[in-house]
Amino acid sequence: MPTLRYFHELSSEQRDEARSLTAMSTPEAQCYVVGSTGQIIRAVELKPLFATGELAAGELVRAQLASVGRSEIEFALRHATGDWSEMTLDEQARNLIAIEQGGAVVSRFALRANHNVYVLTNPQRSNTTILPGLPRPSDFE
């Protein structure tokens, strides 16, 4: 049965195949339908729910992302397309209200076992910032 995968979830061979499928310079802006034998069947463009403006990420978060083979564009896309599956239902609802009423949109994504990345878009939709999360104390795991 086919599955839907983000670019970062693909193997290196699948990433090469994905790059050849899309005319876009950012294959991260697509999801990929992967067949049961691992072949990429097609690319599906990700559609943002709101404008993100200029993307900013400091050196610390870029280093953290690089250390696990991830990029800031991945998290910005998940944020803008409403992939908030790692957040509580209340947090997700707050984001939907913020989109409708013009408030700040905040996402949280797991980076490693006890580290998060936060993505924040300001109410004016002029910029989105990616911030490193503090490690969660082991007492709360």
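**Exercise 1.** In which sense do strand S6 and strand S7 pair, and over how many bridges?

*Solution.* The model under study is predicted. Strand S6 covers residues 115–121 and strand S7 residues 127–132. Their pairing is antiparallel and comprises 5 bridges. One point of this ladder can be named: Leu120 has Thr129 in S7 as its bridge partner.

**Exercise 2.** Determine the strand order of the sheet that holds S6 and S7, and identify its edges.

*Solution.* Step one is the order: the 4 strands of this open sheet follow one another as S4-S7-S6-S5, with mixed pairing. Step two concerns the edges: strand S4 (54–57) and strand S5 (105–112) each have a single partner strand, so one side of each lacks a neighbour in the sheet. Step three is the twist: on average, neighbouring strands are turned by 20 degrees against each other, direction ignored. Finally, helix H2 (residues 59–67) packs on the sheet and touches S4, S5, S6 and S7. The direction of H2 makes about 65 degrees with that of S7.

**Exercise 3.** Describe the hairpin formed by S2 and S3.

*Solution.* Strand S2 (residues 30–34) and strand S3 (residues 40–45) run antiparallel and are joined by 5 bridges. Val34 is matched with Ile40 in S3 as its bridge partner. Between the two strands lie 5 residues, and Gly38 in the turn adopts a positive phi of about 95 degrees.

**Exercise 4.** Classify the aromatic pairs, locate their members and state whether the rings are buried or exposed.

*Solution.* The count is 2 aromatic pairs.

1. Phe7 and Tyr32 stand 6.3 Å apart, centre to centre, with 55 degrees between the planes; this pair is tilted, because only plane angles over 60 degrees count as edge-to-face. Phe7 belongs to the loop between strand S1 (3–6) and helix H1 (12–21), whereas Tyr32 belongs to strand S2, 25 residues apart. Phe7 has a relative accessible area of 6% and is therefore buried; Tyr32, at 0%, is buried as well.

2. Phe75 and Phe109 are also tilted, with 5.6 Å between centres and 45 degrees between planes. Since Phe75 lies in helix H3 (residues 72–80) and Phe109 in strand S5, the pair ties together parts that are 34 residues apart in sequence. Phe75 is buried at 0% relative accessibility, and Phe109 is buried with a relative accessible area of 0%.

**Exercise 5.** Which residue lies over the face of Phe7, and at what distance from the ring centre?

*Solution.* The residue is Arg15, at 5.3 Å from the ring centre of Phe7. Phe7 thus has two neighbours named here: Tyr32 as its aromatic partner and Arg15 over its face.

Methods: Residues are numbered from 1 along each chain as its sequence is written. This is a predicted model: local features need pLDDT of at least 70, side-chain atom pairs count only at pLDDT 80 or more; totals for chains, interfaces and linings use all residues. Side-chain values use heavy atoms; hydrogens and water are left out. Two strands pair if DSSP finds at least two bridges between them. Axes are lines fitted to C-alpha atoms, for helices over the stretch in contact, and angles run from 0 to 180 degrees between N-to-C directions. Contact means heavy atoms within 4.5 Å. Rings of Phe, Tyr and Trp (its six-membered ring) pair if their centres lie within 6.5 Å; planes under 30 degrees apart count as stacked, over 60 as edge-to-face and the rest as tilted. Buried means under 20% relative accessible area, exposed over 50%, partly exposed in between (1.4 Å probe, protein chains only). A charge sits over a ring if NZ of Lys or CZ of Arg is within 6 Å of the ring centre and within 35 degrees of the ring normal.
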